[in-house]
Amino acid sequence: MALRLVADFDLGKDVLPWLRAQRAASEASETGSGGADVLENDYESLRVLNVERNGNIIYTYKDDKGNVIFGLYDCQTRQNELLYTFEKDLQVFSCSVNSERTLLAASLVQSTKERKRNELQPGSKCLTLLVEIHPVNNVKVLKAVDSYIWVQFLYPHVESHPLPENHLLLISEEKYIEQLRIHVAQEDGNRVVIKNSGHLPRDRIAEDFVWAQWDMSEQRLYYIDLKKSRSILKCIQFYADESYNLMFEVPLDVSLSNSGFKLVNFGCDYHQDREKLSKHLTLCVFTNRTGSLCVCYSPKCASWEQITYSVFYIHKGHSKTFTTSLENVGSHVTKGITFLNLDYYVAVYLPGHFFHLLNVQHPDLICHSLFLTGNNEMIDMLPHCPLQSLSGSLVLDCCSGKLYRALLSQSSLLQLLQNTRLDCEKMAALHCALYCGQGTRFLEGQIIQWISENVSACHSFDLIQEFIIASSYWSVYSETSNMDKLLPHSSVLTWNTEIPGITLVTEDIALPFMKKTGKRRSTAYVRTILDNAIKVISNLEARNLGPRLTPLLQEEDSHQQLLMGLMVSELKDHFLRHLQGVEKKKIEQMVLDYISKLLDLICHILETSWRKHNLHSCILHFNSRGSAAEFAVFHIMTRILEATKSLFLPLPPGFHTLHTILGVHCLPLHNLLHCIDSGVLLLTETAVVRLMKDLDNTEKNEKLKFSIILRLPPLIGQKICRLWDHPMSSNIISRNHVTRLLQNYKKQPRNSMIDKSSFSVEFLPLNYFIEILTDIESSNQALYPFEGHDNVDAEFVEEAALKHTTMLLGL
C-alpha cells in the first residue's frame with residue numbers, strides 16, 4: 001500500500017505489561033488470585049487522553065475501586081510514570097501536564113451521585129482541576145460549570161531550563177478561550193508549589209468561535225469565528241516569553257453556522273457520538289516546515305453517492321474542490337473522510353473507496369497528486385477506524401490506543417510507477433517515491449533501471465527530463481524552507497488532461513496578511529565562471545566512490561564548462577537574494593551540490609545503460625561497426641540530450657564526444673549529417689581528432705571526413721585539417737590561408753619582374769597569383785600570423801592548387 005502506519009506506541013504493549021508488574025508488586029504480600037482478572041477489567045477503561053509537544057503520552061484508567069489514575073509514557077526513555085490518583089467516581093475527558101511534570105490539569109465529569117457528595121464543588125457537572133504533583137500536594141479548582149472545559153499546557157520552544165511561569169489554555173464549550181498564568185516556586189528541595197494559587201491571572205484569547213484546533217508542534221491556536229455569516233480563520237502564535245499575537249486572519253468559504261461546536265487536537269475527544277461522525281463535517285489545518293498552510297474541509301454528507309472535499313492552499317492563494325463518485329455505495333460507511341498530514345503531502349481517504357495523496361507544496365498541477373479508487377490494495381489496507389492527525393506525520397487511533405507514524409511506501413510507489421498505464425499516475429508516483437527516498441542512490445538506481453527500459457513509456461512528458469529535474473530538487477529541498485520558490489520541481493508547466501474518477505474546480509482565495517538587474521561581465525567574471533566549473537567537477541567526483549564505466553569527465557569541454565560555471569553564478573546570486581540570513585558558504589555548497597546532483601544523475605543513467613548492454617572502452621575507436629547494444633545506448637543519450645537541451649542544463653564533459661562516436665558507429669552517413677546539422681550531435685575537437693586518426697582514406701571514409709570538416713567551426717577546422725594527410729585537406733588549408741592573406745590586400749605598383757625560375761609550371765595566371773602571395777607573406781608576416789603554424793606558404797598553395805586542378809580534370 002502507498003501509505004504505511006508504523007506503530008510508535010501501543011497501550012496494550014507499552015503500558016499494560018507495566019501495569020501488570022505494578023499490580024503484582026502491590027499484591028505480592030496478599031493471598032488470592034483475582035488480581036489478573038481485575039486488571040483485565042481495568043484495561044477496558046485504559047485510554048489515551050493527550051499527546052504533548054515533547055511526544056509524551058498521558059493516559060488514564062480506573063482501578064477496581066473506581067479510582068481515576070493518571071499515567072504518563074515517556075517517548076524518549078520508553079518508561080511509564082504514575083502521575084496522580086483521584087479517589088473519586090469521575091470520568092476524565094481532558095488532561096494536560098506541563099513540561100517539567102510538576103503540574104497536572106484535568107477536566108472531569110461527575111456522576112449524579114458524586115455531584116451531591118463532592119466536597120470540592122457540589123452540583124457542577126464538569127470540574128477543571130489544577131494539581132501539584134511533585135510531590136502530591138494541593139488541588140485547586142479552576143472551573144466548576146455545567147459545560148465542558150478542555151485544558152492544554154503551553155510548551156515553550158526554549159526548554160533548556162524550567163520557566164518560573166506556566167501557561168495553561170482553557171477552552172470552553174461556551175465558545176471562549178482563556179490563558180492562565182501560573183507562577184511556581186521550588187520549596188524544600190524538589191517540592192514545586194503554586195505561588196499565586198489564590199488568584200491566577202487570566203487573559204481572554206478568543207471568544208464567539210465555533211471551531212478551534214491546537215498545533216502542538218508550532219504552539220499555534222487556529223480558530224474560526226462567524227462574522228455576518230462569514231467564516232474567518234484566525235491564527236494566534238504563542239511564544240516562550242509569555243507573549244502571543246494574532247499572526248493572520250483569512251476568510252474561508254465553508255459552512256459552519258449549523259455545525260455546532262468542534263475542537264481538533266485538544267486531546268482525545270471521547271464524549272462525541274462516534275456513530276454520527278460519518279455524517280459530520282471535517283475541518284483541519286495542516287502546516288509543514290517548508291511554510292505551507294492548508295485548510296482541509298469536508299462538508300456534512302447527505303448521501304454517499306458523491307463525496308466532495310476542498311483544500312484551501314493558503315500559501316498559494318487558491319483552493320481546489322474535488323468531487324468523486326463512490327463505488328459500492330450500498331456498503332455501510334462507518335466514518336467520514338479522513339485527512340492526514342504527511343508533511344509534504346496530505347492524504348485524503350475513505351477506506352474501501354478512494355485514496356488521494358495531495359502534493360501541498362506544488363498543488364498547481366493535479367498530475368503531481370495521486371488519486372486511486374476502487375478495490376486497489378493500497379486503499380483496502382488502510383485502517384477503517386477514526387484517526388486523529390497530529391504534527392510530524394503522527395496519527396492517533398483513540399479507539400485502540402495506538403500512536404502511528406504515517407509513512408509513504410517506496411516499494412508500493414515504485415510498483416505503481418512500473419505498472420500503471422496512466423501518465424498522471426506515473427508522474428505522481430515518481431515524485432512521491434523521490435520524496436520518500438530523499439536522493440538515495442539505491443532508489444535512483446531502481447528508477448533509472450526502469451527508465452532505461454521504458455524511456456518512451458510516457459506520452460505527456462519527457463520521462464528523463466522529469467526525473468533529472470525532480471530528483472535534483474528533492475536531493476536539496478530540505479536545506480531551506482524556500483527551496484520550492486528557488487528551484488524548479490518539475491519540467492511540466494501545464495496539464496490539461498483530466499484525472500479519471502475525479503473532477504476539480506479551482507478558485508482564487510484571499511491571501512492573509514522580483515526584479516533582476518543587469519551586471520557588467522568582466523574578464524575576471526569569466527575566470528570565475530571557469531573556476532566554478534572546476535569546483536562542480538571536483539564536487540561531482542567526490543560524490544562518486546567507485547570507478548566510472550563510461551568515459552565521461554575525462555576531457556575539457558569549454559562549452560559545458562561555461563554552462564556549468566554560469567549556472568553556479570546565477571543560481572548563487574538567486575539564492576543570496578532570497579535566502580536572507582543563510583551563510584554564504586552554505587549557499588555556495590547548496591549550489592554546488594544541486595548542480596553536481598544534476599550531472600551525477602545523467603552519469604548514473606548512462607552508467608546503468610552502459611552496464612546493462614555490457615559495453616567496453618573499445619567503443620571509443622572508429623574502426624568498428626555499431627552493434628545493437630551501441631545503438632540502444634546512443635538512443636538513451638539522445639533522449640538525455642533532448643531532456644536537458646530545452647532546460648539549458650549542462651552535461652558532463654565528454655558526453656558529446658561519446659555521443660558523436662556512437663553516432664558515427666550506428667548511423668548511415670546521411671542520418672549522421674542530419675543529426676549534426678539539426679544539433680542532435682555536437683562535434684567536439686576530441687571526437688573529430690579520433691575520427692581523423694582512426695579511419696583510413698577509403699572512398700567512404702574520405703566522404704565522411706570531408707563532410708565532418710565542412711561542418712566544423714573555422715578555428716577547429718583549421719586544426720583538424722593538419723591532421724588529415726590528404727589533397728582535400730591541403731586544398732582547404734590553402735583556401736583558408738589565401739582568404740586570410742587577401743582580406744586586406746591592396747594592389748601596389750610593382751617594379752620587379754617575375755622570377756619564373758622559382759615556379760615549376762608555365763601557367764601565367766597561377767604564376768602571377770603566387771607572386772602576389774609571396775610578396776604579401778614577406779611584407780605582412782607580422783599582420784597575418786597563422787596561429788603559430790609556419791608550414792603554409794605560397795609554394796604549398798601552388799602545390800595544392802595544381803593537385804586539386806589535376807583531380808578536377810581527371811588527370
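Here is a friendly round of questions and answers about this predicted model.

User: Let's start with helix α12. How many of its residues are buried?
Analyst: Happy to start there. Helix α12 covers residues 584-612 and reaches 42 Å from its first C-alpha to its last, close to the 42 Å expected at 1.5 Å a residue. The helix is mostly covered, and the number of its 29 residues that are buried is 21.

User: Which element gives the most to the largest nonpolar core?
Analyst: That core has 139 residues, and those with the most contacts inside it are Y309, F467 and F575. The element that gives the most to this core, with 14 residues, is α12.

User: How many residues are in the second, separate core?
Analyst: This one includes Y61, C95, Y155 and I182. It is separate from the core in which Y309, F467 and F575 have the most contacts. The number of residues in the second core is 76.

User: Which residues does Y309 touch, not counting those up to four places away in sequence?
Analyst: Y309 is one of the residues with the most contacts inside the largest nonpolar core. Its list of partners takes in Y297, S298, K320, T321, F322, I337, F339, V348, F354, H356, F371 and I502.

User: Which residue with a positive phi follows α12?
Analyst: Most residues other than glycine have a negative phi. The residue that follows α12 has a phi near 55° instead, and that residue is N614.

User: Is N265 buried or exposed?
Analyst: N265 sits in the loop between β19 (262-264) and β20 (282-287). Its phi is positive, near 65°, in a residue other than glycine. The relative accessibility of N265 is 14%, and buried means under 20%, so N265 counts as buried.

User: And F648, is that one buried or exposed?
Analyst: F648 is placed in the loop between α13 (628-645) and α14 (655-666). F648 is not a glycine, yet its phi is positive, at about 55°. Its relative accessibility is 67%, and the cut-off for exposed is over 50%, so F648 counts as exposed.

User: Which backbone nitrogen does the side chain of T420 reach?
Analyst: T420 lies in the loop between α5 (410-419) and α6 (423-437). With 10% relative accessibility, T420 counts as buried. Leaving aside neighbours within four places in sequence, T420 is in contact with E425 and K426. At 3.3 Å, its side chain reaches the backbone nitrogen of L422.

User: Which are the edge strands of the open sheet with the order β2-β3-β4-β5?
Analyst: That sheet has four strands with antiparallel pairing. The twist averages 25° from one strand to the next. Each edge strand pairs on one side only, and the two are β2 (47-51) and β5 (79-86).

User: What is the bridge partner of K62 in β4?
Analyst: Strand β3 (residues 57-62) and strand β4 (residues 68-74) run antiparallel and are joined by six bridges. Within β4, the partner of K62 is V68.

User: At what angle does helix α1 run to β5?
Analyst: Helix α1 takes in residues 11-26 and lies across β2, β3, β4 and β5. Those strands form the open sheet with antiparallel pairing. The angle between α1 and β5 is about 65°.

User: With which side chain does the side chain of D74 make a polar contact?
Analyst: D74 belongs to strand β4 and is buried, with a relative accessible area of 10%. Leaving aside its neighbours within four places in sequence, D74 is in contact with N56, Q79 and R101. The polar contact, at 2.3 Å, is with the side chain of R101.

User: How far apart in space are D74 and I58, C-alpha to C-alpha?
Analyst: In sequence, D74 and I58 are 16 residues apart. Their C-alpha to C-alpha separation in space is 9.1 Å.

User: One last sheet: which residue in β29 does Q388 stand opposite?
Analyst: Four strands in the order β1-β30-β29-β28 form an open sheet with antiparallel pairing. Its edge strands are β1 (3-10) and β28 (388-389). Two bridges join β28 to strand β29 (residues 394-397). Opposite Q388 stands L396.

Conventions
Residues are numbered from 1 along each chain as its sequence is written. This is a predicted model: local features need pLDDT of at least 70, side-chain atom pairs count only at pLDDT 80 or more; totals for chains, interfaces and linings use all residues. Side-chain values use heavy atoms; hydrogens and water are left out. The expected span of a helix is 1.5 Å times one less than its number of residues. Buried means under 20% relative accessible area, exposed over 50%, partly exposed in between (1.4 Å probe, protein chains only). A polar contact is a pair of N or O atoms within 3.5 Å; within protein, one must be able to donate a hydrogen and the other to accept it, and residues adjacent in sequence count only if both atoms are side-chain atoms. Contact means heavy atoms within 4.5 Å. A nonpolar core is a set of buried Ala, Val, Leu, Ile, Met, Phe, Trp, Tyr and Cys residues joined through side-chain atoms within 4.5 Å. Two strands pair if DSSP finds at least two bridges between them. Axes are lines fitted to C-alpha atoms, for helices over the stretch in contact, and angles run from 0 to 180 degrees between N-to-C directions.
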